[in-house]
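User: Please take a close look at a single part of this model, the pairing of its strands, and then follow the chain outward to whatever packs around it. I would like one connected account, with the cut-off behind each term.

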Amino acid sequence: MAAALCLKMGMRSCKELREAKVVDWDDNVHWTDLATLGTLGSVLPVLEELHLAQGAHVLGVQRLAEGLGAGALPAVTRLTLNNMHVGDTGALALAAALGRGALPALKILALYNAAVSDTGLVALAPALQRLPALEGLYLGANPFGDEGLAALVAPPLPPADALSPPTRVLAKLKWLNLKDTQVSDAGCAAVVAAIDSGVLSLEFSGLEGGFSSGTVEAVHEAMVRVAKARTAALEAELAAVRLAHGLARARSRLAAVEAELAVAAAARCAPEAEGSNPAGCDHYSECAGRGQCRLRTRLRWRGLRDRLGLRPQW
């Protein structure tokens, strides 16, 4: 069956398929062929792009996904299923395949005109959110609407006792194409909320869908707010680093000065002979024989030393 599939795909041999980095097949795709292709997912280690189109049978994508086991198609970064009848059943099967660990490197998923409704996208959304490298979703010409979009951009529910910030969903997503879907301007409020709450990030031109200018402006304003907040946070972090560096240098210098003062003061008060006070120090009687000095000079440094949290050197 594998040999027949390779020939049907225009490959001269199965070896050519195993070594192919790009497969683009849009002619006479039968659902049984897709079922066979799914079973070959584990023996296509270098395939990077898989483009399939013009498969109308409802079982095609479902059988393809059902054949993808853990780690299948490990190098595929782009999967295109355009004008394929994925449907809600196929979306559910694709979600299960992703859950098993198939397509771990996927960056771009295109399901254009694939008959995916709200039910299918709701089922697929959690699996897409767990893809660490996903950068682009092209979901145009599907019958899903606001419910499906809300499920896609909604953060996963944290445990009941968790006190952590929102988890990023689709953390690397840059492009989201919703053209010719049933998503309304009101439904895009979920995208704005997700951007504002920090769980979704898009490029400035990353949202496509034929929305009103007001909706597009609201999305862009949310992106600007997040960018400004991130910039302020980075500036505050930089200022803290600079302050810490300055304090460290100040502590180091103060410690050195205190050490120099201690040496100088001890030398000043060291008696040349027992009973002598060559420097005329008022505190000589207290300090004689100790090798230390309680000169008032040290008091000028005490306030600065205490403010910096330094341990006294003498």
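Analyst: A good starting point is Ala53, whose bridge partner in β3 is Asn82. The model is a predicted one, in which local features need pLDDT of at least 70 and side-chain atom pairs count only at pLDDT 80 or more, whereas totals for chains, interfaces and linings use all residues. Residues are numbered from 1 along each chain as its sequence is written, and side-chain values use heavy atoms, with hydrogens and water left out.

The bridge to Asn82 belongs to the parallel pairing of β2 (residues 49–53) with β3 (residues 78–82), which runs over five bridges; strands are said to pair if DSSP finds at least two bridges between them. Another bridge of β2 with β3 links His51 to Thr80. His51 is also the bridge partner, in β2, of Asp24, and the parallel pairing of β1 with β2 has four bridges. Between β1 and β2 the chain passes through helix α3 (residues 31–39), in a β-α-β crossover that is right-handed, meaning that, with the strands pointing away from the viewer, the path from the first strand over the helix to the second runs clockwise. Four of the five residues of β2 are buried, so this strand is largely enclosed by the rest of the structure; buried stands for under 20% relative accessible area, exposed for over 50% and partly exposed for values in between, with a 1.4 Å probe and protein chains only.

Placed in context, β2 belongs to an open sheet of seven strands in the order β1-β2-β3-β4-β5-β6-β7, with parallel pairing. At its edges lie β1 (22–25) and β7 (207–208), each of which pairs on one side only. The chain contains 11 helices and seven strands, where helices (H or I, at least four residues) and strands (E, at least two) are DSSP runs numbered from the N terminus.

On the other side of this pairing, β3 goes on to pair with β4 in the parallel sense over three bridges, with Ile108 of β4 as the bridge partner of Arg78. Here too the β-α-β unit, made by β3, α5 and β4, is right-handed. Helix α5 has 13 residues and reaches 18 Å from its first C-alpha to its last, close to the 18 Å expected at 1.5 Å a residue, the expected span being 1.5 Å times one less than the number of residues. The buried residues of α5 are Gly87, Gly90, Ala91, Ala93, Leu94, Ala95, Ala97 and Leu98, and they pack against α4 (60–66), β4 and α6, a contact being heavy atoms within 4.5 Å. After α5 comes Gly101, with a positive phi near 105°. In the loop between β4 (108–110) and α6, Asn113 has a positive phi of about 50° although it is not a glycine, and this residue is partly exposed at a relative accessible area of 37%.

Helix α5 (residues 87–99) also gives the largest share, six residues, of the largest nonpolar core. That core has 72 residues, and those with the most contacts inside it are Leu52, Val86, Leu103, Leu128, Leu137, Leu176 and Leu200; a nonpolar core is a set of buried Ala, Val, Leu, Ile, Met, Phe, Trp, Tyr and Cys residues joined through side-chain atoms within 4.5 Å. Leaving aside residues up to four places away in sequence, Leu137 touches Leu109, Leu128, Leu152, Leu173, Trp175, Leu176 and Asn177.

Leu152 leads on to helix α7 (residues 146–153), whose buried residues are Gly148, Leu149, Leu152 and Val153. These cover an arc of only 120° around the axis, which puts them on the same side of α7, the arc being that of the directions from the helix axis to the C-beta atoms. Their packing partners are α6 (118–129), β5 (136–138), β6 (175–177) and α8 (189–196).

In the loop between β6 and α8, Asp180 has a positive phi of about 60° although it is not a glycine, and with 58% relative accessibility Asp180 counts as exposed. For the chain as a whole, buried residues make up 38% of its 314 residues, and residues 24 or more positions apart account for 82% of the contacts with a separation of 6 or more.
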